Every structure is written in C-alpha cells, then in structure tokens.
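Reader: I'm new to this one and would like to know what stands behind the words people use for it. Can we go through them together?

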Amino acid sequence: MKSIRIGTRNSALAMWQAREVARQLQNLNYLTEIIPIVSSGDKNLHKPLYSLGITGVFTRDLDIALLNDEIDIAVHSLKDVPTKLPESIELVAYLERDHPQDVLIRRKSAENKEFHELKLATSSLRRRAFWLKYYPEAEFSDIRGNIQTRLQKLEEQDFDATLLSLAGIKRMNMEINYEMLPLMIPAPAQGVIAVAGHSDKKEINDILKKINHQKTQICVEIERNFLSTLEGGCTAPIGAFAEIIENQVRFKAALCSLDGKNCISTDESFEYDEVENFGEKFANIVLENGGKELMAKIKTQL
C-alpha cells in the first residue's frame with residue numbers, strides 16, 4: 001500500500017498532532033506522508049471566531065482537500081470539528097484524550113491580582129460566559145492566533161491574563177506557569193485529536209480504526225451529541241465533559257447566557273449503554289428547563 005497522506009493545518013500544534021497520528025500508524029508498519037494545508041481560520045486573525053459567521057472555520061479547507069482526493073485523512077483538534085460533517089466525510093478514529101482542562105496564564109505584572117480583578121483576553125464565548133458566572137464585572141479583550149502568538153500578545157498588550165487549553169501547552173512542551181480552573185467546564189471534545197476520512201476509502205478507514213481509543217470515543221460522542229442537540233455549533237457558551245470512572249460514566253455540562261447570569265447545568269453518573277443516546281437525553285433535559293429559550297436568545301444576540 002502506498003503512503004497514507006495525512007492532511008493537517010500548518011500551525012505548530014496541528015503539525016504535532018499530525019505527527020502523533022503518523023507515529024501511531026508507523027508503529028503498525030504503515031507509510032505516511034504529512035501534507036500541511038493553510039485553513040481559512042488561520043488566514044483571518046483579526047476577527048473573533050464567532051463573528052466569521054460559520055462553523056467549521058478550521059476544518060473546511062481540510063474537508064475540501066479530502067473530497068478532492070488531495071489527502072487520504074485529516075487530523076483535527078476535535079473541539080474545532082462541527083457536529084454536522086459534509087457528505088462523504090466521517091470521523092473514523094479518536095486518539096486517547098489528554099489534558100482536557102482550561103488553564104489561566106498571567107502576565108508577570110498581574111501575578112498578585114485576585115481573579116475578579118483580572119482583565120482577560122479570550123475570544124471564546126464559553127470561556128467568557130463561564131468566567132462571568134463567577135466574576136460578573138470582568139473585562140475582556142479579543143485574542144486570536146496560535147499559543148505562541150497569544151502568549152506574545154499577553155506580554156505586549158493591555159490585559160492581565162488569558163485562558164488556554166492545557167492540552168496545547170503540554171503537546172508543545174512549553175515551560176510556562178499556569179493555574180487550574182475547576183470552575184470551567186471544557187468545550188465538548190477538548191483535548192482530543194480526531195482523524196477524519198472519506199467514506200469511500202474503506203481500506204484506509206479500517207486501518208484508522210486500529211488506532212482508535214474506544215473509551216475516548218464513548219465520551220466525546222456523548223459530549224458532541226449533547227452539543228448537537230442544543231444546536232450550539234461551535235459558538236454558543238456550552239461546556240460538556242464525560243469521563244469513564246470504573247464502570248460508570250460521569251457527565252458534567254452547562255449552557256450559559258452570554259453574560260453568565262443564567263446557566264443551566266447537569267451533572268450525571270450512569271452505566272453506559274451503547275444503544276442509548278445519553279448526550280441527546282441530557283441536552284433535552286437542559287432544553288426543557290429553560291435551555292430552549294436561552295438558545296433562542298443567544299442566537300439573536302449573535
């Protein structure tokens with residue numbers, strides 16, 4: 001079999017993720033080739049993501065490359081992948097999740113400030129809303145770019161701290177101080193590398209299934225079904241995190257208003273049954289408890 005062509009965004013983090021997929025495939029004696037592709041999301045660093053008007057801003061160009069047979073598979077940060085995929089594209093494999101948490105990183109001049117005093121830089125509606133739930137007077141700045149760009153902006157611009165995914169920091173092996181934030185619920189599928197394939201390429205998809213991590217797949221499918229049922233796309237302030245503890249699944253999730261004043265949350269433990277759509281089940285409970293009206297309001301505000 002010829003080399004498996006692995007498509008990826010060309011950022012340092014995305015390239016690391018593609019190399020990790022390549023490494024796992026090479027361990028099974030398959031040849032690989034990494035093909036970097038510049039995404040639309042990387043081309044526009046001046047607008048916050050939610051103002052670009054589309055979901056899948058970081059996946060669209062890889063989708064096109066897959067459909068045009070320029071690549072065989074595409075590697076993504078799963079939290080960037082819309083819950084509705086283009087026709088003929090499917091998620092085939094999920095690597096084992098690592099470091100799903102959000103963390104706080106301060107500039108040196110803000111080391112002694114209390115949380116409620118911090119001016120934060122983040123373009124994530126989820127991070128803003130969850131922070132505002134606890135610190136309603138907080139001020140925010142928009143910030144875009146890769147991890148290195150954001151950290152540089154943190155030192156150069158007028159804000160005290162930023163919020164980042166711990167997975168990216170660990171994958172880049174960065175030696176920086178950070179603080180854990182138990183108050184934050186991660187984005188659905190945060191900390192997971194996923195591999196998408198073309199539904200017609202059965203042989204390659206069968207190979208990909210050999211590197212799939214089953215427990216991670218169970219958890220992220222619950223999270224993404226929750227997100228999909230709420231119709232949040234990648235924009236509404238929605239957090240969802242499932243983990244398997246012994247024989248139980250623990251699922252924590254919340255939908256928040258943009259100002260953080262109204263949060264509808266759920267925290268459930270249950271025995272997993274592959275027949276039941278737990279994400280949809282818990283999302284419907286949220287919708288019935290005021291979530292439907294809250295989602296409608298968020299959509300009008302955006």
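Author: Sure, and keep in mind that this is a predicted model. Let's start with a backbone detail: Asp-69, just after α3, takes a positive phi of about 60°.

Reader: And in α3 itself, which residues are buried?

Author: Helix α3 covers residues 60-67, and its buried residues are Asp-61, Leu-62, Asp-63, Ala-65 and Leu-66.

Reader: What makes Ala-74 count as buried?

Author: Buried means under 20% relative accessible area. Ala-74 has a relative accessible area of 0%, so it is buried.

Reader: Where is Ala-74, and what does it touch?

Author: You'll find Ala-74 in strand β3, residues 73-77. Leaving out residues up to four places away in sequence, Ala-74 touches Gly-7, Leu-62, Leu-66, Ala-194, Val-195 and Ala-196. Two of those partners, Leu-62 and Leu-66, are buried residues of α3.

Reader: Why is the protein called as compact as a globular protein of its length?

Author: Set the value against the rule: the radius of gyration is 19 Å, and the globule rule gives 19 Å for 302 residues, so the protein is as compact as a globular protein of that length. In secondary structure, it comes to nine helices and 13 strands. Its C-alpha atoms fill a box of roughly 60 × 45 × 40 Å along the principal axes.

Reader: How much of the protein counts as buried?

Author: Of the 302 residues, 52% do. As for the outside, the protein exposes about 14700 Å², with carbon and sulfur atoms supplying 44% of that.

Reader: What makes up the largest nonpolar core?

Author: A nonpolar core is a set of buried nonpolar residues joined through side-chain atoms within 4.5 Å. The largest one here has 24 residues, and Ile-222, Phe-226, Leu-230, Ile-238, Phe-251, Leu-255 and Phe-270 touch the most other members. At least two residues each come from α8 (214-230), β11 (238-245), β12 (248-256), β13 (263-271) and α9 (278-301). The largest share, eight residues, is from α9. Apart from this core lies another, of 19 residues, including Ala-110, Leu-120, Leu-181 and Met-184.

Reader: Which residues is Phe-251 in contact with?

Author: Contact means heavy atoms within 4.5 Å. Setting aside neighbours within four places in sequence, the contacts of Phe-251 include Ile-222, Phe-226, Phe-270 and Phe-282, along with Glu-223 and Asp-267.

Methods: Residues are numbered from 1 along each chain as its sequence is written. This is a predicted model: local features need pLDDT of at least 70, side-chain atom pairs count only at pLDDT 80 or more; totals for chains, interfaces and linings use all residues. Side-chain values use heavy atoms; hydrogens and water are left out. Buried means under 20% relative accessible area, exposed over 50%, partly exposed in between (1.4 Å probe, protein chains only). Helices (H or I, at least four residues) and strands (E, at least two) are DSSP runs, numbered from the N terminus. The radius of gyration is taken over C-alpha atoms; the globule rule is 2.2 Å times the number of residues to the power 0.38. Accessible areas come from the Shrake-Rupley method with a 1.4 Å probe; for residues, only the protein chains shown count as cover.
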